[in-house]
Amino acid sequence: VGQGLTPEVALRYAAAFARLAPAGPIVVGRDSRPSGLMVQEAVLAALHASGRNTCQAGIVPTPTLGVLVRKSQAAGGLMISASHNPAEYNGIKLFAPEGRVVPDAFGQQVLESYRRGQFDWVRWNRIGADQPCPDPIGPHLEAVQAVVDAQQIRSRSFKVLLDANHGAGAEAGQRLLEALGCQVVLVGGTPDGQFAHPPEPTAENLAGLSPLVRQVGADIAFAQDPDADRLAILDATGRYLGEEATLALCVDHLLRTRQGPLVTNCATSRMIEDLARKYDIPFFRSPVGESHVVDLMLAKDALFGGEGNGGPIDPRVGYVRDSLVGMALVLEAMAQTGLPVAALAEQLPRYEIVKTKVPLEPGKVREALDRLERHFSDARADRLDGLRLDWPDRWLLVRPSNTEPICRI
């Protein structure tokens, strides 16, 4: 913020989106970062100057904005968030009328319009205005509760520790858990962006949460990232189960009673593919990126999907990664089986995961991947996004970064 992201950048990008989005109002939301209000003001000025009416959702989770766009039949949405990145960052995520992140092709059109300075400013008598947006969180909470047996969860009165880390998921997360009859211990409940620990919900960043789980006697702990589209889980002992386990726990629970194709990106653990094989259902991989996952979910009429960074996507709620969906489904699994989350996790296929990166100039990537594929000729190779190699008991992904001269491994 103030370097790569300035008010001018935000204004021009919002104006490019307004030029290309279908007719109608646009919903604007933000996460809790201190810079969010400044970016929002620039965005609103651009949208109003483009003749668009807006609905300000305020500080809300990213999946909440998706539900709101769809329920209000808006022309689209703008979510101001840098997701799991540190506090000095912010960004803008575009939403289509269907309440999903815009497809890649449309996003490229917006980017091109932004770069060329193509905007459709209106005259004084056609300037847009802001419209009220009462209880923006309500429709999302209703949609999540509708996909689980809420009464069964209430009967268990789980004690839940929720670490919102001063992010946008605090109010929505607390309201959902209380509606599901949980005793809620809320940590970082003030949505002011003053993160108590680095915002990505990794094991290292959540180390300080483990003793608190034991101290309060929680049955389970949930940790959200700042815009609440990702969810990490800790068991009753404070053991970090990992973001990869979030999606797998949801999938294993759903497949016990429902059948349908699954979609994940190619960087997600093979647990989901193994579960699909166990339940004898179709499984598909997409390139990395939420829009690619959603495109493939729609093409395959998927039952469920998501990314291994703790982002489950349930079409019944919306085509957006959703921490609230993850919380509700995992609590329902605990309620229906009578098992603690640690026991549910033990039933999943078991893999360890190591993530690293190496410097590599873009011009050398293809040759490097070719050499790797030849060297590991006993593996099943996939070039969907970088190079993925699969053996019966392990897998490897080597993928060039879109923004840095590195390969992620």
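Trainee: How far does helix H12 reach from its first C-alpha to its last?

Mentor: In this predicted model, local features need pLDDT of at least 70, side-chain atom pairs count only at pLDDT 80 or more, and totals for chains, interfaces and linings use all residues. Residues are numbered from 1 along each chain as its sequence is written, and side-chain values use heavy atoms, with hydrogens and water left out. Helices are DSSP runs (H or I, at least four residues) and strands likewise (E, at least two), numbered from the N terminus. H12 covers residues 323-337, 15 in number, and its expected span, 1.5 Å times one less than its number of residues, is 21 Å; the reach is close to this, at 21 Å.

Trainee: Which residue caps the N-terminal end of H12?

Mentor: The backbone nitrogen of Leu324 lies 2.9 Å from a side-chain oxygen. That oxygen belongs to the capping residue, Asp322.

Trainee: Is Arg230 buried or exposed?

Mentor: Arg230 sits in the loop between strand E8 (220-224) and strand E9 (231-234). Buried means under 20% relative accessible area, exposed over 50%, and partly exposed in between (1.4 Å probe, protein chains only). Because its relative accessible area is 3%, Arg230 is buried.

Trainee: Where is Ser157 found?

Mentor: Ser157 has 33% relative accessibility, so it counts as partly exposed. Helix H6 (150-154) and strand E6 (159-163) flank its position, which is the loop between them.

Trainee: Which residues is Ser157 in contact with, leaving aside its neighbours within four places in sequence?

Mentor: Contact means heavy atoms within 4.5 Å. With those neighbours left aside, the residues in contact with Ser157 are Gly181 and Gln183.

How values were computed: Polar contact = N/O pair within 3.5 Å; in protein donor to acceptor, adjacent residues only side chain to side chain.
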